[in-house]
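I opened this entry to look up the salt bridges and how exposed their partners are. My notes follow in the order in which I looked.

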Amino acid sequence: MEVINATGRRKSSVARVYVSEGTGKITINKKDLTEYFPSAILQYVVKQPLNLLEVAEKYDIKVNIFGGGFTGQSQALRLAIARALVKINADDKKALKAQGFLTRDSRSVERKKPGQPKARRRFQFSKR
């Protein structure tokens with residue numbers, strides 16, 4: 001099997017994934033998964049598509065990720081891994097789609113408007 005690549009995005013995070021056959025090692029920006037995401041919840045989010053298809057020990061994954069915070073990065077990585085798994089085996093698409101792993105979450109931060117302190121918050125109104 002050659003190297004399969006895919007991209008995932010969430011908020012302002014972009015994850016580029018390179019999947020090859022191996023032993024289940026996930027390397028993110030030249031660091032191990034547990035070192036890059038110390039939180040067990042974020043590690044779980046990243047491994048969700050692999051655990052669903054029971055292929056966690058079958059592929060080595062190399063990741064370049066930048067932008068955003070750790071939550072957005074973990075969810076961008078989940079999307080990228082799911083897309084790569086579909087490229088490897090198209091039959092897995094139905095199971096991944098049912099769990100929502102192939103849907104790009106398009107929500108991002110709303111821009112700040114002029115004359116307001118935040119996007120929707122207004123300055124306090126004074127009647128007199």
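Before reading any accessibility, I set down the classes I used: a residue is buried under 20% relative accessible area, exposed over 50%, and partly exposed in between. The model I am reading is a predicted one.

Entry, the count. I found 4 salt bridges, taking a side-chain nitrogen of Lys or Arg within 4 Å of a carboxyl oxygen of Asp or Glu as the criterion.

Entry, Arg120 and Glu110. I looked up this salt bridge and noted 3.0 Å between the closest N and O atoms; both Arg120 and Glu110 lie in the segment after α4, 10 residues apart. Glu110 has a relative accessible area of 38% and is therefore partly exposed, whereas Arg120, at 63%, counts as exposed.

Entry, Asp105 and its partners. Which residues does Asp105 join into one network through shared salt bridges? I find that Arg10, Asp105 and Arg107 are connected in this way. In the bridge to Arg10, the closest N and O atoms are 3.4 Å apart, and this pair links distant parts of the chain, with Arg10 in strand β1 (residues 4-10) and Asp105 in the segment after α4 (93-99), 95 residues apart. In the bridge to Arg107, I noted 2.8 Å between the closest N and O atoms.

Entry, exposure within the network. Is Arg10 buried or exposed? Arg10 has a relative accessible area of 8%, so I record Arg10 as buried. Asp105, at 23%, is partly exposed, while Arg107 reaches 57% relative accessibility and counts as exposed.

Definitions and conventions: Residues are numbered from 1 along each chain as its sequence is written. This is a predicted model: local features need pLDDT of at least 70, side-chain atom pairs count only at pLDDT 80 or more; totals for chains, interfaces and linings use all residues. Side-chain values use heavy atoms; hydrogens and water are left out. Helices (H or I, at least four residues) and strands (E, at least two) are DSSP runs, numbered from the N terminus. Buried means under 20% relative accessible area, exposed over 50%, partly exposed in between (1.4 Å probe, protein chains only).
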